[in-house]
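Hi,

Here is the structure I promised to pass on to you. Have a look first, and then read my notes underneath.

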Amino acid sequence: MSEKMLSFVSVPQAQPPKRAADARLKDFDEIYQEFSPAQASTQASRCSQCGVPFCSVHCPLGNNIPDWLMLAANGRLEEAYNVSQATNTFPEICGRICPQDRLCEGNCVIEKGFESVTIGAVERYITDTAFENGWVKPVLPAVELESSVGIIGAGPAGLAAAERLRAAGHQVHVYDRHDRVGGLMIYGIPGFKLEKEIVTRRHKLLEEQGVVFHLGQAIGSGQGELPFEELRRKHNAVLVATGVYKSREIGGPGSGLDGIVRALDYLTASNRRSLGDSLPEGELDAAGKDVVVIGGGDTAMDCVRTAVRQGAKSVKCLYRRDKANMPGSMREVKNAEEEGVEFVWLAAPESFLGDKTVTGVRAQKMRLGMPDGSGRQSIEPEADGLFTVKADMVIKALGFDPEPLPDMWKADDLKTSRWGTLQVDRTSFETSIPGVFAAGDIVRGASLVVWAIRDGRDAAAQIDQWIAAHSTSSSLAAE
């Protein structure tokens, strides 16, 4: 083991420098600055190189974290990048947006008081350095194959699968209804967490690899849409990686008032402005408004932090449980608090006030009860606990469900679960339609980018095997 490791006993944990809250509220740039080479090496050297690396065990991709930490600590950054990218298609993205506090860093075996290794920031530093030095190259296939794969969806699952299938030599075509590559990484995640150039440079790299993108191309039976059956005829296999885009709704009196908007619509509009697109002035803009965001996940955190940057008069987040039970990253909650967001804990919306446009949210104070079957505490209303929060813009950030793909695509034989996700064979990723596979959120339900990358890579390996088996059987039949 390198003499540079195990320095956690003498070197404190440190994150990269964070821009001051008043400065970062003026733009949508990332809030964390880069590690210097010395800082990255020092923080990487805190790794204990333990015998059973729980950081790797709890990483959905099984990244070889101790190995690339040791290489980074010794300044061997190109080798560190090669180890990192062997298991992760987009390490620079995971380093920015993964909830490391719940995954790798949260399971670091360094005991409390010494604190975990700063894994995500070192991962980001390694890959950004690799891009700066030209070490990141498109993975060109050794042999070109005649087989082709159509991938529906240019989000993380689709892109990870495209990279692997193209490296294996298949002709890969990616179809997406949006005008840019990236899915929720480009339109759903704000720039202060993931600057858009990070996604677009991966898009360029995939094009250099030979992946063909068909943007603005929806699948369906409407005008200008590509019928699903026609797509199947074009390719030897199809991967469905559409993600889940149907926003969960909220009921109650007044829920149809103007000024109550869906989180994804709001974030997409903000990201489009950041990308230079022109939108009608004031449309889905929080400037000068009293904003209430309903929800407690990472999407809710994205919304509240976007609203304060747009110049909202006030921003409140209503969540029906307490801070300890927030599903979102605690790091994001802390960043939001620093930026002036007010959290109203144990508050559930009951109705919305206003004639035509919303003017307030009537909420019910809640209390935590006994744990339910899953172990999570139930919530109960407090007696006489109604109160009103002023609002002229309410953002619903309650999560996402699958769109009804069998209906949209006129594919009655495409089987779904009771939640609307696509049913697949757990090993092969094949759906109920032979030669049609699915991966990512459309199978798993709304989840993390890192899980989508894992599913996309695993599905690509199965598709590669399936095509090889079927081309062999076809050849034998021809003989």
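Below is what I found, going from salt bridges to helices and then to strands. Keep in mind that this is a predicted model.

**Salt bridges**

There are 36 salt bridges in the structure. As background, side chains of opposite charge can pair when their charged atoms come close. I picked out three pairs for you.

Start with E338 and R24, whose closest N and O atoms are 2.6 Å apart in a salt bridge. E338 sits in helix α14 (residues 330–338) and R24 in helix α1 (residues 21–24), so this pair ties together parts that are 314 residues apart in sequence. How enclosed are the two partners? R24 is buried, with a relative accessible area of 1%, while E338 counts as partly exposed at 34% relative accessibility.

Next come E403 and R177, whose side chains form a salt bridge at 3.0 Å, N to O. This one also links distant parts of the chain, with the partners 226 residues apart. E403 is in the loop between β14 (400–401) and α15 (405–409), and R177 is in the loop between β2 (171–176) and α9 (184–187). Here E403 is buried, at a relative accessible area of 17%; that puts E403 under the 20% cut-off for buried. R177 is partly exposed, at 36%.

The third pair is E339 with R305, where the closest N and O atoms of the salt bridge are 2.9 Å apart. E339 lies in the loop between α14 and β9 (342–344), R305 is in helix α13 (residues 298–309), and the two are 34 residues apart. Both E339 and R305 are buried.

Which residues join up in a network of salt bridges? They are K18, R24, R305, R309, E332, E338 and E339, so if you select those on screen you can follow the links, E338 with R24 and E339 with R305 among them.

**Two crossing helices**

Two packed helices are described by the angle between their axes and the distance between the axes. For helix α5 (residues 77–87) and helix α7 (residues 119–132), the axes come within 9 Å and cross at roughly 110°. That makes α5 roughly perpendicular to α7. On the α5 side, the contact is made by L77, A80, Y81 and S84; on the α7 side, by E123, Y125, I126, T127, T129 and A130. Sorted by class, the contact has six nonpolar, three polar and one charged residues.

**Sheets**

One open sheet has five strands in the order β3-β2-β1-β4-β15, with parallel pairing. Its edge strands are β3 (212–215) and β15 (436–438), each of which pairs on one side only. From one strand to the next, the twist averages 20°. Strand β4 (residues 237–240) pairs with β15 in the parallel sense over three bridges, and V240 has A438 of β15 as its bridge partner.

Another open sheet has three strands in the order β10-β11-β12, and its pairing is antiparallel. β10 (347–353) and β12 (377–390) stand at the edges with a single partner strand each, so one side of each is left without a neighbour in the sheet. Here, too, the twist averages 20° from one strand to the next. Strand β11 (residues 360–371) and β12 run antiparallel and are joined by nine bridges. One place to look is L368, whose bridge partner in β12 is I379.

**Two more strands to look at**

Why is strand β7 (residues 290–294) described as largely enclosed by the rest of the structure? Because five of its five residues are buried. In a regular strand the side chains alternate between the two faces of the sheet. In β7 both faces are covered: D290, V292 and I294 are buried on one side, and V291 and V293 on the other. β7 pairs with strand β8 (residues 314–318) in the parallel sense over five bridges, and D290 has S314 of β8 as its bridge partner.

Finally, S247 is found in strand β5 (residues 246–247). S247 is buried, with a relative accessible area of 14%. Leaving aside residues up to four places away in sequence, S247 touches R262, L264, G399 and F400.

Cheers

Definitions and conventions
Residues numbered from 1 in each chain as written. Predicted model: local features only at pLDDT ≥ 70, side-chain atom pairs only at ≥ 80, totals over all residues. Heavy atoms only, no water. Salt bridge = Lys/Arg side-chain N within 4 Å of Asp/Glu carboxyl O. Helix = DSSP H or I, 4+ residues; strand = E, 2+ residues; numbered from the N terminus. Buried < 20%, exposed > 50% of the residue type's maximum accessible area, 1.4 Å probe, protein only. Axes fitted to C-alpha atoms, helices over the stretch in contact; angles between N-to-C directions. Parallel < 35°, antiparallel > 145°, perpendicular 65-115°, else oblique. Contact = heavy atoms within 4.5 Å. Nonpolar A, V, L, I, M, F, W, Y, C, P; charged D, E, K, R; others polar. Pairing = 2+ DSSP bridges.
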